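Okay, thanks for squeezing me in. I'd like to walk you through a few side chains this morning, starting with the cysteines. Let me put the structure up.

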Amino acid sequence: MPEAPPLPDTYRRLGEHCPALRVRLLADGELIDRQQWIAATDFAGRMPELIEGEVRRIHAEHGRRMPPHVAAARLLHHYLWSACLLVGGPWYLTGVVPELLPDRVWLDARTGELAFRPGGEHEDASPAGLRAVVAAHAAPVLAAFQPVARRGSHALWGMVTDDLVSGLWYLGRMLGREQDAVARAERLLPGGTAPLPGGAHFRRLVGATGREHLTRTRLGCCLYYALRPDEACLTCPRTCDAERLRRLEG
C-alpha cells in the first residue's frame, strides 16, 4: 500500500470535496484569538456564549428565536458532524485515523465556524480505532452540552453515530462514490459498538420508475423540524418513506 500523504494535505483535499465542512486549518505555531475562538476543552465554561451565538444565527437565517435546548441541539449536531468528518474523512480517503485532541479544536461562537490544528495519527487505523478516537473526543463535548440540550446519554450518543455516518455518506456522494461510502459506513458501524448505539443501517427505497435511493433513519433527532416545521430532514424518524421518495424524485 502506498504511503499516506501528510495529514494537512489530506485535510486540504477533504475541504475541496466537502464545501459544507467549514473548518479553518491551523499550522503548527499559528496563533488563534482565544477570546473569539473557544477550545473544545472550554465548552462547559463558555456554554452561554456558544448558545447565544447559535440562537442569533438561527434567528438571522430562519426568523425564529429558539429556546436554549433547541439551539444547543443544533449547535451540537453541527459540531459533531464536522468533528466526525475530521476523523472519518482522512480514514476514508487514505486509511489513516487522525488524532482529534480537544485542545486542538476551536469553535467561533459568533459564526459557528471550526478551527483545527492537525496532530498525529492514531496507532490503530482499524474501524475500532476510528470509533475510539471519535468516542474519546465526543464524551466531554456531550457532557458539556447535556445540561442545556436536555437529552439523555443514549440520545446524545445516537447523535454521534448519526453524524459519523452522515459525514461519510456526504463525502461519498461528493466523490461520486456513494455506494462505496455506504458500505464502509456499515462496516464501521454494524451495531453493538458501545458507546455508539445502533448502526449505519442503510436501506433502499424504490421509486416509481424502479430507481433505487439509499436512505436511513436517524437514531436521534437533530431538531431541524423546530426551525422548519413543515420540512423535517430527509432521514428524520418523522419523515415517512413516501415523503422521502417524493422529495428524492421531485
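So, disulfides: the count here is zero. Keep in mind that this is a predicted model. Just as a reminder, a disulfide is a covalent bond between the sulfur atoms of two cysteines.

Why is Cys222 not in one? Its closest cysteine sulfur belongs to Cys233 and sits 4.1 Å away, which is too far for a bond, because the two sulfurs would have to be within 2.5 Å. Cys236 isn't in a disulfide either, and there the nearest cysteine sulfur is the one in Cys221, at 4.7 Å. Are these two buried or exposed? Cys222 is buried, at 5% relative accessible area, and Cys236 is buried too, at 3%.

Okay, on to the aromatics. How many aromatic pairs do we get? The count comes to five. Let me show you Tyr11 and Phe116, which pair up edge-to-face, with 5.2 Å from centre to centre and 80 degrees between the planes. What I like about this one is where the partners come from: Tyr11 is in helix α1, residues 7-17, and Phe116 is in strand β4, residues 114-116, so the pair links parts of the chain that are 105 residues apart. Both Tyr11 and Phe116 are buried.

Next, Trp169 and Phe202. Their ring centres are 4.8 Å apart and their planes are at 85 degrees, so that's edge-to-face. This pair also links distant parts of the chain, with Trp169 in helix α5, residues 153-174, and Phe202 in the loop between α6 and β5, 33 residues away. On burial, Trp169 comes out at 11% relative accessibility and Phe202 at 12%, so both count as buried, given that the cut-off is under 20%. And there's a cluster as well: Phe43, Tyr79 and Phe145 are linked by ring pairs.

While we're looking at Trp169, check out Arg173. Its charged end sits over the Trp169 ring, 5.0 Å from the centre. You'll find another arginine over a ring at Tyr225, where Arg238 lies over the face at 3.7 Å from the ring centre.

Let's move to His137, which is in helix α4, residues 127-149. His137 is buried, with a relative accessible area of 3%. So what does the side chain of His137 have for a polar partner? One of its polar atoms lies 2.8 Å from the backbone oxygen of Leu100. Leaving out residues up to four places away in sequence, His137 touches Ala40, Tyr79, Ala83, Leu100, Leu101, Pro102 and Val105. Tyr79, you'll remember, is part of that ring cluster with Phe43 and Phe145.

Last stop is Arg24, in strand β1, residues 23-25. Arg24 is partly exposed, at 32% relative accessible area. Which side chain does Arg24 make a polar contact with? That's Glu30, at 3.4 Å. Setting aside neighbours within four places in sequence, the contacts of Arg24 include Leu31, Trp37, Glu113, Leu114 and Ala115. Phe116 is on that list too, and we've already met Phe116 as the ring partner of Tyr11. For a sense of scale, the C-alpha atoms of Arg24 and Asp180 are separated by 28 Å, and those two are 156 residues apart along the chain.

That's my tour, thanks everyone.

Definitions and conventions
Residues numbered from 1 in each chain as written. Predicted model: local features only at pLDDT ≥ 70, side-chain atom pairs only at ≥ 80, totals over all residues. Heavy atoms only, no water. Buried < 20%, exposed > 50% of the residue type's maximum accessible area, 1.4 Å probe, protein only. Phe/Tyr/Trp six-rings, centres within 6.5 Å; stacked < 30°, edge-to-face > 60°. Helix = DSSP H or I, 4+ residues; strand = E, 2+ residues; numbered from the N terminus. Lys NZ or Arg CZ within 6 Å of the ring centre and 35° of its normal. Polar contact = N/O pair within 3.5 Å; in protein donor to acceptor, adjacent residues only side chain to side chain. Contact = heavy atoms within 4.5 Å.
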